[in-house]
Amino acid sequence: MNYSRNIAGLQPSATLQLTARAAELTRQGRSIIALSAGQPDFPSPPAAREAAVRAMEQGRTGYTPTAGIPELREAVASATSRRRGIEFKPAEVVVSCGAKHSLANLLMAVINPGDRVLIPLPYWVSYPEMVRLAGGQPVYPGSGRSLITAADVEEAAASGVSGVILNSPGNPSGCVYTPAEARELADALAATRMWVISDDIYEDLVFTGSAAPHILDFRPELRERAVIVSGVSKTFAMTGWRIGWAVAPVDWAKLAIRVQEHTTSNPCSISQWASLAVVSGAAEGERRSMLAAFASRRDLICSLLSGIPGMSFPRPEGAFYVFAGYPPSIGLSSAGLCGLLLDEEGLAVIPGSAFGVENRLRLSFAASDGDIRGGVERLSSFLAKRGIR
Ligand SMILES: Cc1ncc(COP(=O)(O)O)c(C=O)c1O
């Protein structure tokens with residue numbers, strides 16, 4: 001059989017694979033601590049569950065319009081308008097099966113064969129593969145910063161790069177733009193013709209006490225070639241419901257809808273009604289208490305990790321990951337280290353190589369205090385056995 005060379009060349013998702021392997025070992029009875037998952041460990045809010053039950057009982061179980069039920073498009077448009085202080089219309093909203101699906105549709109709608117797309121380094125695992133899948137070529141910034149900078153954009157534009165994916169708060173870095181960085185970046189983008197996808201899936205998980213600064217706050221005119229991507233997965237602990245969205249210029253939205261029309265059709269009708277409840281504000285209490293829990297876990301994991309010699313990391317200001325460098329003297333690649341940590345210590349964490357960077361580990365603090373303590377203890381004990389103490 002000859003399979004597609006394009007698809008055969010795609011890398012499997014290291015995060016999903018490692019999470020699956022940890023789950024398999026747990027099923028076999030091993031004591032596994034997973035600091036690997038990219039999802040909140042809280043139940044979905046009652047308002048979402050109740051709205052889903054109501055939707056089923058009311059027979060809202062058929063196809064919906066491809067881009068989502070009008071009520072949800074309307075609610076997303078007004079929530080995004082309030083957040084950004086710019087008016088967005090429901091016609092600019094496309095609801096998809098998770099933010100991942102939104103990103104895939106948008107990239108397919110905008111990339112021409114060979115187009116180059118600037119993505120952050122470290123990157124979220126799916127960005128390079130999605131760009132390739134759409135026929136493009138990922139390019140990485142030279143600045144060595146975790147978030148795309150104004151200088152990265154200037155350099156990319158000068159060499160003919162077509163578009164850029166931004167991600168603040170970032171996965172895996174946990175970094176968030178300062179207002180000055182976001183302003184400079186917005187100015188730099190405004191001076192180019194590059195399209196922009198701002199992946200804002202962690203926009204509600206920010207520990208600085210204020211909202212994450214955004215390019216549209218400084219240069220609202222960028223909306224003509226910029227898309228906001230977000231969803232309910234991380235904010236409302238609703239990863240399995242698979243609802244995300246794009247708020248895009250109408251022409252780009254129409255093409256993304258066309259891609260969706262011929263691939264998946266609408267996202268799950270029941271999940272859309274559940275999402276409508278939380279986007280309309282029915283789970284604000286849960287949202288706030290989950291944020292407070294993540295902030296305190298961030299403090300806990302940072303203080304525990306700082307006690308291990310040779311571990312270095314930027315203190316995350318958003319999302320729920322620490323991207324930590326480990327002492328190179330251990331002589332292991334990040335994948336090698338993660339394999340041994342899982343096999344010998346029963347600790348699941350994700351290797352930096354999955355995000356394009358070596359000698360780092362991503363530890364998720366979307367886990368209980370007990371698991372965070374136990375997990376860091378296992379890491380510390382592994383390193384101590386190899387002389388790092
Ligand atoms: C940076 C980033 N973007 C997008 C997604 C996808 O989110 P969803 O579960 O809504 O598809 C994730 C999930 O891990 C993510 O970390």
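**Chat about the core, the ligand shell and some odd backbone spots**

Me: Which residues touch the most other members of the largest nonpolar core?
Reply: Among the 127 residues of that core, Ala48, Val94, Leu106, Val164, Val227, Ala246 and Ala256 do. A nonpolar core here is a set of buried Ala, Val, Leu, Ile, Met, Phe, Trp, Tyr and Cys residues joined through C-beta atoms within 7 Å. Buried means 20 or more other C-beta atoms within 10 Å of a residue's own, with C-beta atoms placed from the backbone.

Me: And which helix gives this core its largest share?
Reply: Helix 5 (residues 99-110), with seven residues. Helices are DSSP runs of H or I, at least four residues, and strands are runs of E, at least two, numbered from the N terminus.

Me: Is this a predicted model, and what are the cut-offs?
Reply: It's predicted: local features need pLDDT of at least 70, side-chain atom pairs count only at pLDDT 80 or more, and totals for chains, interfaces and linings use all residues. Residues are numbered from 1 along each chain as its sequence is written.

Me: New topic: which residues come nearest the ligand?
Reply: Gly98, Ala99, Lys100, Asn171 and Ser233, out of 13 around the ligand. Near means a C-beta atom, placed from the backbone, within 6 Å.

Me: Where does the cis Pro122 lie?
Reply: Pro122 is in the loop between strand 3 (116-118) and helix 6 (126-133). The Leu121 to Pro122 peptide bond is cis, omega near 0°.

Me: What about Ala319, buried or exposed?
Reply: Ala319 counts as buried because there are 30 C-beta neighbours inside 10 Å. Ala319 also has a positive phi of about 60°, though not a glycine.

Definitions and conventions:
A residue is buried if 20 or more other C-beta atoms lie within 10 Å of its own, exposed if 12 or fewer, and partly exposed in between; C-beta atoms are placed from the backbone.
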